[in-house]
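I kept this notebook while looking through one structure. The entries follow the order in which I looked things up.

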Amino acid sequence: SLQHEMRVLDKEHAPYTPLVQEVMQDLLKLSTSHYGEVRAKAQQAFLGCLQMYPYSHLDLLPSILTYLKDDPSISHDQFKGALYVLLGTRTCCLANNSDYRVIRQLWPTLLQAGHSENPSIQQLIEDVTDRIHRNYESVAVESEISEACVDLAKAVLSSKKPAPTCSPTTEELGGAVKDLERRNKATLDIY
């Protein structure tokens, strides 16, 4: 069934530990290596890890973006490797991530990225921006849960078939409202 499949998929995610963080930083360095074959294999492993550790990109994004700075100490290979990491795959593309925390860092860095006469790098920059233009899905800046929705949820929880295994307390409901307001404010501030 679909629920079983989702449980199996959810178990594929592992905890993001300091050791995993260190390994992913090392994979990122290898993803920007001077050697093309090393870069390609490390990028494949790095992108696989991003899928295994869903929010790791929030921790690793600043490190990725350092390779896109307009800095003469950053080689073409490092710049190119970072662009390939951002481009990712069809299922894992950091460039068109719709999280405002990512957009706030990524898009200005792309606009200010170092320039290169290298045609392959120019093509990669075009591919990244094209991926954003074609695949970016905008998300709401603010979320809202209507009273009708809350009333319906309460009705479901008060029904006897099937009997609910738990019901939120008044304090939990109030906390959820405050959490939603906090998230809305944070997203609006970023926007």
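How many Å² does the accessible surface of the protein come to, and what percentage of that belongs to carbon and sulfur atoms? I looked up the total and found about 13,100 Å². Carbon and sulfur atoms hold 56% of that surface. I note here that the model is predicted.

**Entry: overall build**

I went through the elements and found nine helices and zero strands. Read from the N terminus on, the order is α-α-α-α-α-α-α-α-α. I then looked up the extent of the protein. Along the principal axes, the C-alpha atoms fill a box of roughly 65 × 35 × 30 Å. The radius of gyration is 21 Å, whereas a compact globule of 191 residues would have one near 16 Å.

I also looked up burial and found that 30% of the 191 residues count as buried. For contacts with a separation of 6 or more, 70% join residues that are 24 or more positions apart.

**Entry: charges**

I looked up the charged side chains and found 19 positive and 25 negative ones. The centres of the two sets lie 5 Å apart.

**Entry: the aromatic pair**

How many aromatic pairs are there? The count comes to one aromatic pair. The partners are Tyr16 and Tyr53, with ring centres 6.2 Å apart and planes at 55°, so I wrote the pair down as tilted. For the reasoning I needed the cut-offs: planes under 30 degrees apart count as stacked and those over 60 as edge-to-face, so an angle between these falls to the rest, called tilted.

Where do Tyr16 and Tyr53 lie? Tyr16 is in the loop between helix H1 (2-11) and helix H2 (18-31). Tyr53 is in the loop between helix H3 (36-52) and helix H4 (56-66). The pair therefore ties together parts that are 37 residues apart in sequence.

I checked the exposure of both rings' residues. Tyr16 has a relative accessible area of 31% and is partly exposed. Tyr53 has 14% relative accessibility, so Tyr53 counts as buried.

**Entry: Leu68 and Leu83**

Is Leu68 buried or exposed? Leu68 has a relative accessibility of 0%, so Leu68 counts as buried. I placed Leu68 in the loop between H4 and helix H5 (76-87). Leaving aside neighbours within four places in sequence, the contacts of Leu68 include Phe79, Leu83, Thr109 and Gly114. I also looked up a distance to Leu152, which is 84 residues away along the chain, and the C-alpha atoms are separated by 49 Å.

I followed the contact to Leu83, which is found in helix H5. Leu83 has a relative accessible area of 1% and is buried. Not counting residues up to four places away in sequence, Leu83 touches Leu68, Leu110, Ile121, Leu124, Ile125 and Val128. Leu110 is also among the contacts of Leu68. From Leu83 to Ile64 I found 8.7 Å, C-alpha to C-alpha, with their positions 19 residues apart in sequence.

**Entry: Ile145**

Which residues is Ile145 in contact with, leaving aside its neighbours within four places in sequence? The contacts are Val150 and Leu180. Ile145 sits in the loop between helix H7 (119-135) and helix H8 (147-158). Its relative accessible area is 52%, so Ile145 is exposed. Last, I looked up the separation of Ile145 from His57: 88 residues apart in sequence and 28 Å in space, C-alpha to C-alpha.

How values were computed:
Residues are numbered from 1 along each chain as its sequence is written. This is a predicted model: local features need pLDDT of at least 70, side-chain atom pairs count only at pLDDT 80 or more; totals for chains, interfaces and linings use all residues. Side-chain values use heavy atoms; hydrogens and water are left out. Rings of Phe, Tyr and Trp (its six-membered ring) pair if their centres lie within 6.5 Å; planes under 30 degrees apart count as stacked, over 60 as edge-to-face and the rest as tilted. Helices (H or I, at least four residues) and strands (E, at least two) are DSSP runs, numbered from the N terminus. Buried means under 20% relative accessible area, exposed over 50%, partly exposed in between (1.4 Å probe, protein chains only). The radius of gyration is taken over C-alpha atoms; the globule rule is 2.2 Å times the number of residues to the power 0.38. Contact means heavy atoms within 4.5 Å. Accessible areas come from the Shrake-Rupley method with a 1.4 Å probe; for residues, only the protein chains shown count as cover. Lys and Arg count as positive and Asp and Glu as negative; His and the chain ends are not counted. The place of a charge is taken as NZ of Lys, CZ of Arg, CG of Asp or CD of Glu.
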